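Q: I should like to learn how to read the features of a structural model, one at a time. Please take me through an example.

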Protein chains: 2
Amino acid sequence: MKGLNIMEKKNVTFKDIAEYTGFSKTTISRYFNNPDSITLENQEKIADALEALDYKENKVARILANGQTEYVGVIIPNLYFHYHAAMLNCILSTYEQYGYKFLVFVGNEHKETEREYISELLAYKIEGMIILSYTIPSEELASYNVPIVTIEREDKFVCSVNTDNYAGAKQATELLIDNGCDVLIHLNSDMTDEVPAYGRVKAFKDICAERGIKNELIIVDLGAEHNTAKEKITRIIDELDAKYPNQKKGIFMPNDTYANIMLNVLIRKHGTLPDDYRIVGFDNSPISAEAVIPISTVDQQIDTMAREAMELLVTQMNERKKRRPEPLEVPLHRIVTPVLVRRETTD
Amino acid sequence: MKGLNIMEKKNVTFKDIAEYTGFSKTTISRYFNNPDSITLENQEKIADALEALDYKENKVARILANGQTEYVGVIIPNLYFHYHAAMLNCILSTYEQYGYKFLVFVGNEHKETEREYISELLAYKIEGMIILSYTIPSEELASYNVPIVTIEREDKFVCSVNTDNYAGAKQATELLIDNGCDVLIHLNSDMTDEVPAYGRVKAFKDICAERGIKNELIIVDLGAEHNTAKEKITRIIDELDAKYPNQKKGIFMPNDTYANIMLNVLIRKHGTLPDDYRIVGFDNSPISAEAVIPISTVDQQIDTMAREAMELLVTQMNERKKRRPEPLEVPLHRIVTPVLVRRETTD
DNA sequence: TTGTACGCGTTATCAC
DNA sequence: GTGATAACGCGTACAA
């Protein structure tokens, strides 16, 4: 074995345990995988031998022999947004329940890179994948022919878990209406109706129409950089102040980070959150609670989503292990209902 | 192979490629590991065969054969603090440079659980480990006899990368002094002088003594929960206001999250950041830039730390692969100097 | 430049 | 309850 130091004592294997105890390798294997099939007395003997020889198990060999890696691959855009970090945290925590190990890659929204990561994952014989990044179309994902669950992204051809964005935005919009706002404003980036987040835009328009409320949808890319976003939001506020003077403005922001920036810009402009402004964010990320004036928001129930995703994935992976697997005919899509969190930026 | 569907077509292996092309398995292997050793013409033939048979590489088998997994294990307390998430992000990003894959576990500060995770990692024959959690003493970590690098924790017996906490706290303290503060206050939790963060307490005391500045060290556990911390900080402010009236108070907080809470409590008490308060945080986490009044802080240079950690780990892992490894005689400790970020909570 | 033969450490099968 | 033997898919001396 290349790189094996001459001085280094060889690994202790089943062979050594077998020789030491007088049993066969098979029996040693059984000790681990089906202990009941050997006598208690002999179990003890083997246990002692393991101790004496300081045996360390080798799961790589086991994988090669039985084909089950217990690996799940994860591809996530990055970990700078709390939302993603929290989701990964919850995913990793499912190890306790299912025992699957996670090989994690950050893709940084780079399609080619993410493709390479997927090949690498497949080469390591992962049993399934959880995809949070959104550069690779679900049709391509499906073609890899591995159990997959995506979270909060385009998902036509694969199983997925998404927030009920429509329901979340509906609650946010209604909260602003109930606050007596004269005009509702929703900021969001440009997107197709294939991504789950589009439900927010749709709900905003629907509810406003239903209730006959004056409203404005502002499509804008605020970017990832704080100062850029701050400048753009400052300009938007100036425009709103000019356009809707003496009217109570209900602002529904696309996430808490931006909601916080808007709040802060308003506070620094007027000394406090003016009475003609109401704000609701989205995500219930820490910033919403830690803002000077705690921000009303929509909680995405990240732990539930992560659990549902793993459950959906495990189901698919288990199906594959059956003698006669019956793959899903159509991809399953699970929807998690978010909950409104009322804080101080609304009444 | 258990769980292998009868209908499922067997995996394409080197054997199949060999039969298809008329070469031996060895030649196929060489095509991947030492392509120059076969003629260009035959390389083409093999390439075509791989395409025709839709070959998928199996790195698990390769591991068993050559003993190199290219796995690095990571144990991190959790991903809820931005600091940890950002660090993991930077660690995972080194894949591009070194090609090591990461098996990630969140330990939640649970010693026994983390021990089990380590066993699991060892069973998968990881080549090295990066430890961010701090429950397991470095002496025990060293005993696992695997290349290890810890980040920002007790590290007597293993290699590590730490922030130069002393230098960071020194800059923070001096900034407050230069701001003309009459009394300096440092909040921090109780800790031994074995953890790197203790350097902050030490620097604070040292610099204040050197400069002859009145100061107070408040040892307090503010907890992880926002509202609890808020209440405790509110009480502390009331005490400070009473104890040091008409004196300019320079507050050095243990992190940005707490600094932000203090800032917000002050603002909600006095309408703005009072002129007799100056605040410096630690970490340069997003909250420090996103606060109503952007908070001065100390940037830990997370990307540098992550890079240094991997470099240190790769060095150790490479050493092990040599014919005659010379392990480090003493653990190496790398120190990364943080940089002061001056914003609006100081002049 | 290419092939032979064996090893890596475990599990599965079948026989006893 | 236990053992012999053949996989699993690839790497690598050694030989040719």
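Q: How many bridges join strand 6 of chain B to strand 7 of chain B?
A: In this predicted model, strand 6 (residues 183-188) and strand 7 of chain B run parallel and are joined by six bridges. Within this pair, B:Ile185 has B:Glu216 in strand 7 of chain B as its bridge partner.

Q: In which order do the strands of the sheet in chain B stand?
A: The order is 7-6-8-9, an open sheet of four strands with parallel pairing. Strand 7 (214-219) and strand 9 (277-280) of chain B are at the edges; each has a single partner strand, so one side of each lacks a neighbour in the sheet. Ignoring direction, neighbouring strands are turned against each other by 20 degrees on average.

Q: Which strands of chain B does helix 12 of chain B lie across?
A: Helix 12 (residues 256-270) of chain B lies across strand 6, strand 8 (249-252) and strand 9 of chain B. Relative to strand 9 of chain B, the helix runs at about 160 degrees.

Q: How many residues does each chain bring to the contact?
A: Chain A brings 51 residues and chain B brings 52 residues. On the side of chain A that touches chain B, several elements supply at least two residues each, among them helix 4 (59-66), strand 2 (101-106) and helix 7 (111-123). Helix 5 of chain A gives the largest share, seven residues. By class, this side of chain A divides into 27 nonpolar, 14 polar and 10 charged residues.

Q: What pLDDT does chain A average?
A: The average is 94, and 97% of the residues of chain A score at least 70. Over residues 1-8 of chain A, however, the pLDDT is below 50. Beyond near neighbours in sequence, that stretch has nine contacts in the model.

Definitions and conventions:
Residues numbered from 1 in each chain as written. Chains lettered and ligands numbered in written order. Predicted model: local features only at pLDDT ≥ 70, side-chain atom pairs only at ≥ 80, totals over all residues. pLDDT = per-residue confidence, 0-100. Contact = placed C-beta atoms within 7 Å. Nonpolar A, V, L, I, M, F, W, Y, C, P; charged D, E, K, R; others polar. Pairing = 2+ DSSP bridges. Axes fitted to C-alpha atoms, helices over the stretch in contact; angles between N-to-C directions.
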